[in-house]
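Colleague: Could you walk me through this one slowly, since I am new to looking at structures? I would like to begin with contacts between side chains.

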Amino acid sequence: METISKAKIDLLATAVQPVDIALATEGTRLIVHSAVSRFAVFYERLRTAIDYKEEHLLRRSAIVRILKRQLGLESEPKQVATQTLRELIAAKYLANDHHAEELVDVIAAMVAKFTAVKRIHSKIPDFEQWLLEILAAEIDEIVTDQNEDKVFLNLLYEQVAEKIRLKNNELPDDERRLQIYVACLRNFMKADDALISYKLLRIFEPRWVRPEQWMDQVHEMAVCLEASHAKIQAVLKHPYHQKFCSAVKPWSVSLTVLRAALKEDPKKAKALLEDQSTLKKAIERVAEVRIQDSKRRLSRGIVRAIIYLFLTKMLFAAVLEYPIEIALYGEPHIQALLINMLFPPVLMMFVGAMIRPPVKENVIRIVNGVEELLSIEGIPSIELRGKRHYSTFGATMLTLGYVLMFTLSFGLIFWGLSLIGYTWISMAVFVFFLCVVSFFAYRLRLASKEYVAFEKQTGLGGLVVDFFTLPVLKVGRFLSETVSKFNVLVFFFDVVLEAPFKIFLQALEEWFYYMKEKKDQL
């Protein structure tokens with residue numbers, strides 16, 4: 001297999017070199033007092049405990065939260081931008097004494113265009129929230145150096161875009177390529193819907209990042225944004241989305257490991273790319289290290305999930321279960337209450353213990369994937385099977401089977417609970433915990449497979465397990481996306497506590513600097 005061209009060697013070797021994005025001279029950087037930062041970091045740790053997010057989404061989630069609060073208190077974009085940056089620095093999402101003060105003006109322009117469109121009230125549900133998350137993604141991109149991400153993402157897309165196709169070319173080429181691009185974002189950058197929406201908006205409506213072209217025609221821009229919103233939702237909900245994500249994943253894993261190997265010693269990255277035998281050994285070693293690291297992150301994720309579930313779901317449900325059972329039955333079912341409280345953490349720990357390390361073929365597949373990505377020929381062609389078409393009778397039988405699957409799964413659960421004397425209230429609480437915790441465990445299990453490029457096909461035992469667990473996971477996802485959004489603690493922190501606490505920190509910082517000025521006058 002012919003190796004990578006010199007141009008790509010230079011490109012990747014340059015991409016992994018460290019870059020200092022703070023180009024400001026001394027005295028023109030944003031600085032937050034260290035004492036204020038300690039308070040802010042402590043608060044963020046509490047806040048993240050009650051609103052579970054994956055670690056790579058924490059900073060952008062904080063930006064959304066800060067913007068929402070600042071926009072409710074301030075109308076001046078520059079003030080919103082200043083406070084957003086200072087709060088991010090205080091909470092250590094951004095480095096202190098690192099970012100140029102001129103960055104405030106750049107972000108203020110972004111905030112100004114958002115507020116201009118916001119005044120045009122859209123009839124689309126959650127349109128303002130969607131636009132706010134896009135603004136947060138844009139700010140996140142500007143405050144961090146993402147050139148390295150873009151270089152590797154472009155390499156992945158270039159290698160797979162023409163090699164992954166659907167059987168009989170069921171999709172138009174533009175639509176197919178767009179789905180592959182989204183799959184690259186989803187796999188390589190672990191992008192959520194908000195980040196993908198921002199990337200797609202730049203494609204569908206490139207004027208969004210050039211507000212000087214439309215700020216005097218905000219109504220027209222709002223209409224275009226609504227049209228782009230509809231197109232983006234169609235892309236995200238495309239029936240073949242998961243097929244393309246699964247097809248891209250092995251190459252994404254290989255490229256992620258290659259990137260990690262090059263970043264171990266950026267100065268030697270070019271030499272490593274030019275020496276195939278040394279590169280192969282480095283990939284094998286880094287792949288093993290990353291797989292072990294994913295296990296440790298899984299353990300941390302399980303602990304965070306248990307804390308989150310206890311604070312936001314278990315405690316709340318138990319508090320409701322106790323008085324309701326007294327009101328309806330005269331006394332609480334203590335055994336059921338204890339089981340319901342202990343069941344979620346036990347289930348989470350059990351799922352973590354059941355996760356097995358990837359098979360040996362996984363590292364071999366990663367190494368081969370790197371070689372194919374770097375080769376002139378590229379990856380082998382892949383043909384995906386399109387959507388299956390069923391007769392009316394076949395579709396009816398499959399639907400009946402799906403309904404039977406739900407009936408058997410939940411029927412067995414309720415029957416088993418009734419045997420040990422559960423009341424209907426206790427049953428409802430148990431099933432709620434079972435579904436929500438199972439879905440959390442499933443998500444953590446998927447996260448633990450971040451570096452799995454090769455998976456064995458599911459055997460007969462796995463199919464039986466899937467038959468009974470799929471209904472629980474489906475209901476768990478529904479509850480997580482609907483009922484679980486009503487988080488009393490999140491409401492308390494965001495609406496009652498956060499605004500006065502951040503005002504206190506702002507006043508505290510002003511006092512520190514005032515005292516410093518007085519001390520300097522001595």
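Modeller: Gladly, and please keep in mind that this is a predicted model. A good place to begin is Glu 148, which forms a salt bridge with Lys 263, the closest N and O atoms being 3.2 Å apart.

Colleague: Where do Glu 148 and Lys 263 lie?

Modeller: Glu 148 belongs to helix H7, which covers residues 147–160, while Lys 263 belongs to helix H11, so this pair ties together parts that are 115 residues apart in sequence.

Colleague: And Glu 148, is that buried or exposed?

Modeller: Glu 148 has a relative accessible area of 9%, and because buried means under 20%, this residue falls in the buried class. Its partner Lys 263 is partly exposed, with a relative accessible area of 39%.

Colleague: Which residues are joined into one network by salt bridges that share partners?

Modeller: That network is made up of Glu 162, Arg 165, Asp 173, Arg 176 and Arg 177.

Colleague: How many salt bridges does a search of the whole structure find?

Modeller: The search of the whole structure gives 26 salt bridges. One of them joins the side chains of Arg 65 and Glu 44, with a distance of 2.4 Å from N to O.

Colleague: Which helices hold Arg 65 and Glu 44?

Modeller: Arg 65 sits in helix H3 (residues 58–73) and Glu 44 in helix H2 (residues 34–49), so the salt bridge ties together parts that are 21 residues apart in sequence. Both Arg 65 and Glu 44 are buried.

Colleague: What about Lys 113, what does its side chain meet in a salt bridge?

Modeller: The side chain of Lys 113 meets that of Glu 138, at 2.9 Å from N to O. This pair links distant parts of the chain, 25 residues apart, with Lys 113 in helix H5 (residues 103–118) and Glu 138 in helix H6 (residues 127–143). Lys 113 is buried, with a relative accessible area of 1%, and Glu 138 also counts as buried, at 6% relative accessibility.

Colleague: Changing topic to the backbone, which residue has a phi near 65 degrees?

Modeller: That is Lys 92, and the value is positive in a residue other than glycine. Lys 92 is placed in the loop between helix H4 (77–90) and H5, and because exposed means over 50% relative accessible area, Lys 92 counts as exposed at 63%.

Colleague: And what is phi for Asp 97?

Modeller: Asp 97 has a positive phi of about 55 degrees, although it is not a glycine. Asp 97 is also found in the loop between H4 and H5, where it is partly exposed, with a relative accessible area of 33%.

Colleague: Now the surface, please: which residues form a positive patch?

Modeller: The positive surface patch is formed by Lys 167, Lys 243, Arg 385 and Arg 388. Among them, Lys 243 is found in helix H11, which spans residues 241–264, and it is partly exposed, with a relative accessible area of 33%.

Colleague: One last thing, how far apart are Gln 292 and Val 367?

Modeller: From C-alpha to C-alpha, Gln 292 and Val 367 are 17 Å apart in space, and they are 75 residues apart in sequence. Gln 292 has its place in helix H13, residues 276–329, and is partly exposed, with a relative accessible area of 37%.

Terms used:
Residues numbered from 1 in each chain as written. Predicted model: local features only at pLDDT ≥ 70, side-chain atom pairs only at ≥ 80, totals over all residues. Heavy atoms only, no water. Patch = residues over 30% accessible without salt bridge, like charges linked within 9 Å, V, L, I, M, F, W, Y side chains within 5 Å. Areas by Shrake-Rupley, 256 points an atom, 1.4 Å probe, with all protein chains shown as cover. Salt bridge = Lys/Arg side-chain N within 4 Å of Asp/Glu carboxyl O. Lys, Arg positive; Asp, Glu negative; His and termini not counted. Charge placed at Lys NZ, Arg CZ, Asp CG, Glu CD. Helix = DSSP H or I, 4+ residues; strand = E, 2+ residues; numbered from the N terminus. Buried < 20%, exposed > 50% of the residue type's maximum accessible area, 1.4 Å probe, protein only.
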